Amino acid sequence: MNRKIYWLLGAGVAWVAYRAYYSYKNLKYRFTNVKFVKAQGSVVTLSVDFEIYNPTAITLNIGQLKAGLFLQNTQVGNIVYDCNTNMMSKAVSIYPITIEIDTQKVIKTSWDLLATSTLQQWTLTIAGSLQVEKKTIPVRFDYPLSKLTL
Amino acid sequence: MQADGRNTLITRSGLNSDLITVIRQVFEQYNHTAIPFVSNLYGCSFRSQCESVFWFVVNNITYKQDEGLNQLIKTPARLFADKVGDCKSMSIFIASCMYQLGARVTFRFVTFDRDYNNYTHVYCVASKDGEEYILDPVERVNKMAKFDYASKYMTKRDVTYTK
């Protein structure tokens with residue numbers, strides 16, 4: 001009986017250790033350094049740093065970042081970015097990504113929102129997935145446009 | 001574009017992370033100044049573009065480590081004018097050239113000890129259409145520069161730019 005409990009305990013500890021050190025799901029990411037680049041016609045260009053950190057004990061292959069760009073839940077663009085890198089343990093990768101917001105599209109689809117609020121009160125959302133090994137992990141970033149300095 | 005020879009003080013007491021930020025700023029702002037250096041390389045194969053830029057730096061720029069706490073980060077034009085620089089300035093020069101040639105460039109900040117946040121060296125990695133080359137003109141093997149080679153490091157911080 002005792003032996004069975006030890007086996008179960010050992011398996012539990014091994015599972016926790018595996019999840020902590022060897023699971024791709026522990027990959028950390030963040031979006032930082034949002035900057036205004038330019039406004040040309042109805043298109044506003046921003047740049048944002050997509051930063052990935054590999055805290056696991058294994059090397060992970062990072063593939064494509066595929067995400068939608070949303071303003072107040074209205075899709076205003078897409079991000080498809082190939083990271084294509086092998087990240088060793090404890091390594092950090094930063095990808096400065098340029099994003100374009102078609103404001104004409106926002107105005108067309110969110111006319112009522114514009115009537116009741118200003119662009120500064122809106123939130124920019126990047127939502128999608130990042131390919132890690134052969135799986136994907138969800139990616140999400142909410143950024144209040146009031147924080148943006150021109 | 002010619003260097004104007006001005007020195008700009010960014011901060012009096014900078015951290016390692018400040019250096020990375022400044023290297024990025026200098027690259028983003030001045031990578032276009034590398035166009036004259038690569039104008040004769042358009043149309044060459046990617047490997048020969050990488051080799052040309054690498055050997056150009058090895059043969060024309062003398063490596064000199066920044067003295068004490070004064071860290072100089074030079075634009076491509078300034079490095080070419082001075083003919084002297086360290087790994088930071090050399091990697092900005094090489095990355096600017098390769099970026100202007102349409103490559104995806106990565107600044108690789110590396111540590112050689114277990115102090116994960118203390119990056120002591122930087123070099124450029126250029127890639128295009130599945131080909132990737134390490135461009136570290138500071139590295140020496142038997143006192144000779146070596147194309148597509150870098151020492152083993154403990155950990156790295158990559159900053160990647162795609163045109």
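## Strand β3(B) and the A–B interface

In chain B, strand β3 pairs with strand β8 (residues 155-161) in the antiparallel sense over seven bridges; strands here are DSSP runs (E, at least two residues) and helices are DSSP runs (H or I, at least four residues), numbered from the N terminus, and two strands pair if DSSP finds at least two bridges between them. The model is predicted, with local features needing pLDDT of at least 70 and side-chain atom pairs counting only at pLDDT 80 or more, while totals for chains, interfaces and linings use all residues. Residues are numbered from 1 along each chain as its sequence is written, chains are lettered from A and ligands numbered from 1 in the order in which they are written, and side-chain values use heavy atoms, with hydrogens and water left out.

**Exercise 1.** Determine which strands of chain B pair with β3(B), and name a bridge partner in each.

*Solution.* Begin with β4 (residues 121-128) of chain B, which runs antiparallel to β3(B) and is joined to it by seven bridges; within β4(B), B:V125 is the partner of B:T106. Then turn to β8(B), also antiparallel to β3(B), where B:D158 is the bridge partner of B:R108.

**Exercise 2.** Decide how many residues of β3(B) are buried, and on which faces they lie.

*Solution.* Buried means under 20% relative accessible area, exposed over 50%, and partly exposed in between (1.4 Å probe, protein chains only). By this rule eight of the eight residues of β3(B), 104-111, are buried. In a regular strand the side chains alternate between the two faces of the sheet. One side of β3(B) carries B:R104, B:T106, B:R108 and B:V110, the other B:V105, B:F107, B:F109 and B:T111, and both faces are covered.

**Exercise 3.** Describe how chain B meets chain A, from the overall contact down to a single residue.

*Solution.* First, 15 residues of chain B are in contact with 18 residues of chain A, contact being heavy atoms within 4.5 Å. Second, the two chains bury about 1200 Å² between them, 43% of it on carbon and sulfur atoms; this is the accessible area (1.4 Å probe) lost on putting the two parts together, summed over both.

Third, three salt bridges cross the interface (a side-chain nitrogen of Lys or Arg within 4 Å of a carboxyl oxygen of Asp or Glu). One of them joins the side chains of B:R157 and A:E51 at 3.3 Å, N to O. The elements giving two or more residues to this side of chain B are α1 (16-30) and β8 of chain B, and β8(B) provides the largest share, seven residues.

Finally, strand β5 (residues 92-102) of chain A runs parallel to β8(B) and is joined to it by three bridges, with A:V92 standing opposite B:R157.
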